[in-house]
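Me: I'd like a close look at one part of this protein, please. Pick a spot, take me through it slowly, and then show me how it fits into the rest.

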Amino acid sequence: MNNFEYCCPTHVVFGKGTISRLPELIDKNKKVLMIYGGGSIKKNGVYDQVKKALEGYNLIEFGGIEPNPKYETCKKAIDLIKNEGADFLLSVGGGSTLDATKFISLAAKYQGDDAYDAIMVRGETVGDAIALGDVITLPATGSEMNNGGVISRLATDEKLPFHSDLVYPKFSIIDPEVTYSLPTRQTINGIVDTFVHVMEQYCTYDVNSPLQDGWALTILKTLTEEAPRVLANPTDYDTRANIFWCATCGLNYWIAPGVVQDWSTHMIGHELTAFYGIDHGQSLAIVMPRLLKNQKVSKAKKLAKLAREVFGANEPVDLKAADIAIEKIEEFFNSIGMKTRLADYGIDSHEAAQKIKERFMKRNVALGEKGTITADTAYDIIIEC
């Protein structure tokens with residue numbers, strides 16, 4: 001196992017009726033900016049629950065954060081903060097809203113003109129951020145218990161990640177009941193996103209980390225078992241709770257300490273979303289099976305273990321078991337209604353491959369756990385999608 005450091009300061013409040021706990025978690029003397037998305041929280045009652053819990057607070061609001069949150073929208077919230085002030089940011093919504101809130105918390109403290117270029121492109125360190133917490137309403141990104149996010153920029157067709165220990169949520173309220181009304185598409189996207197998060201951390205090469213591997217495989221197995229149940233019965237609390245906790249644990253770094261990570265599926269998928277606007281989960285489901293085939297030899301041992309422990313394969317030869325794992329992953333995605341080909345979304349694979357290749361060549365990328373996925377490799381992967 002490799003050396004590591006781990007610290008997660010987020011206070012998780014999980015379960016039914018937990019939104020009412022907000023007054024215990026936010027100082028009443030703070031001026032709170034509540035950030036949310038396109039209005040779904042007003043339809044499902046979450047908005048009213050939050051407003052009731054924060055009655056008497058100095059509360060201002062900013063709505064309109066979109067899926068795959070845009071810098072241009074975040075900039076409006078940053079301007080609001082600079083004009084009116086805010087001591088605490090409360091994200092109410094899914095991972096996109098929380099990612100945006102994290103970026104806003106940093107960018108509002110940035111003294112320059114272009115926070116996106118500074119934080120996302122140049123990777124400058126911002127020494128301060130506005131404290132934040134969240135009521136998370138969608139199991140997918142795991143943002144509720146980590147220090148990262150992803151923000152897009154319309155002006156440049158970019159979608160890039162960022163990390164800062166300053167943006168760990170002070171608290172995260174997770175009430176699985178608020179997911180009952182999620183559209184099926186969002187439920188499916190979240191399951192796929194969680195599955196791929198785990199794969200990015202697990203499916204590399206062995207560094208003798210049996211505990212982390214076991215946790216990872218259990219998350220994957222739980223997802224494959226609970227996914228059909230939640231689609232058949234969207235208001236089953238236990239199923240919703242299990243899926244939500246899988247999503248949180250899929251990217252709260254519990255399975256990451258001491259292991260080698262990949263993240264190339266995400267980086268390639270981000271480009272598909274940036275260029276074509278497809279959902280994040282959709283992009284991952286397209287890229288991962290083809291990327292795993294391309295990298296099968298180097299990932300064979302982990303894939304074989306997955307095939308045997310998650311999908312019940314009896315194949316003793318690792319390379320053959322790896323093939324089974326890749327096939328079963330794509331079958332799983334398809335079985336829950338997730339399409340896995342660019343043509344399913346009207347995207348030409350040759351055009352997409354060329355666009356991504358050119359962008360990766362400019363950035364001189366070397367992705368994957370061994371740095372072997374270059375612009376040319378990404379081209380080969382996308383051609384097969």
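Reply: Let's get one word straight before we dive in: a residue counts as buried when its relative accessible area is under 20%. Take Tyr253, which has a relative accessible area of 18%, so Tyr253 is buried. Keep in mind that you're looking at a predicted model.

Tyr253 sits in the loop between α9 and α10. Its backbone has something to notice too: phi is positive, about 75°, although Tyr253 is not a glycine. Trp263 is found in that loop between α9 and α10 as well. Now follow Trp263 over to helix α7, which covers residues 184-202. Along the sequence, Trp263 and Glu200 are 63 residues apart, yet in space their C-alpha atoms are 5.2 Å apart. Leaving out residues up to four places away in sequence, Trp263 touches His197, Glu200, Gln201 and Leu251.

That brings us to α7, the part I'd like you to zoom in on. One of its partners is helix α10, residues 264-276. The two helices pack at an angle of about 135°, and their axes are 9 Å apart. With that angle, α7 is oblique to α10. Who meets whom? On the α7 side you'll find Asp193, Val196, His197 and Glu200, and on the α10 side Ser264, Thr265 and His266. Sorted by class, this contact has one nonpolar, four polar and two charged residues. So His197 and Glu200 turn up twice in our tour: they meet α10, and they are touched by Trp263.

Next, look at what α7 does for the inside of the protein. As general background, nonpolar side chains in soluble globular proteins tend to be buried together. Here, the largest nonpolar core has 40 residues, and Met199 and Phe333 are the ones with the most contacts inside it. Six helices give two or more residues to this core: α7, α8 (210-232), α9 (237-250), α11 (280-294), α12 (296-309) and α13 (318-335). The biggest giver is α7, with eight residues. Click on Met199 and set aside its neighbours within four places in sequence: Met199 is in contact with Leu220, Met288, Leu292, Leu303, Leu306 and Ile329. Apart from this core lies another one, of 37 residues, including Cys74, Leu98, Phe103 and Ala115.

For a comparison elsewhere in the chain, try Asn68, in the loop between β3 (58-62) and α4 (71-84). Asn68 has a positive phi as well, near 50°, and it's a residue other than glycine. Its relative accessible area is 14%, so Asn68 is buried. Tyr47, in helix α3 (residues 46-53), is another one to click on. At 13% relative accessibility, Tyr47 counts as buried. Not counting residues up to four places away in sequence, Tyr47 touches Met34, Tyr36, Ile41, Lys42 and Glu61.

Finally, zoom out. The chain has 15 helices and eight strands, and buried residues make up 58% of its 385 residues. Of the contacts with a separation of 6 or more, 77% are between residues 24 or more positions apart. A compact globule with 385 residues would have a radius of gyration near 21 Å, and this chain has 20 Å, which agrees. Along the principal axes, the C-alpha atoms fill a box of roughly 65 × 45 × 45 Å.

How values were computed
Residues are numbered from 1 along each chain as its sequence is written. This is a predicted model: local features need pLDDT of at least 70, side-chain atom pairs count only at pLDDT 80 or more; totals for chains, interfaces and linings use all residues. Side-chain values use heavy atoms; hydrogens and water are left out. A nonpolar core is a set of buried Ala, Val, Leu, Ile, Met, Phe, Trp, Tyr and Cys residues joined through side-chain atoms within 4.5 Å. Buried means under 20% relative accessible area, exposed over 50%, partly exposed in between (1.4 Å probe, protein chains only). Helices (H or I, at least four residues) and strands (E, at least two) are DSSP runs, numbered from the N terminus. Contact means heavy atoms within 4.5 Å. Axes are lines fitted to C-alpha atoms, for helices over the stretch in contact, and angles run from 0 to 180 degrees between N-to-C directions. Angles under 35 degrees count as roughly parallel, over 145 as roughly antiparallel, 65 to 115 as roughly perpendicular and the rest as oblique. Ala, Val, Leu, Ile, Met, Phe, Trp, Tyr, Cys and Pro count as nonpolar, Asp, Glu, Lys and Arg as charged, and the others, Gly among them, as polar. The radius of gyration is taken over C-alpha atoms; the globule rule is 2.2 Å times the number of residues to the power 0.38.
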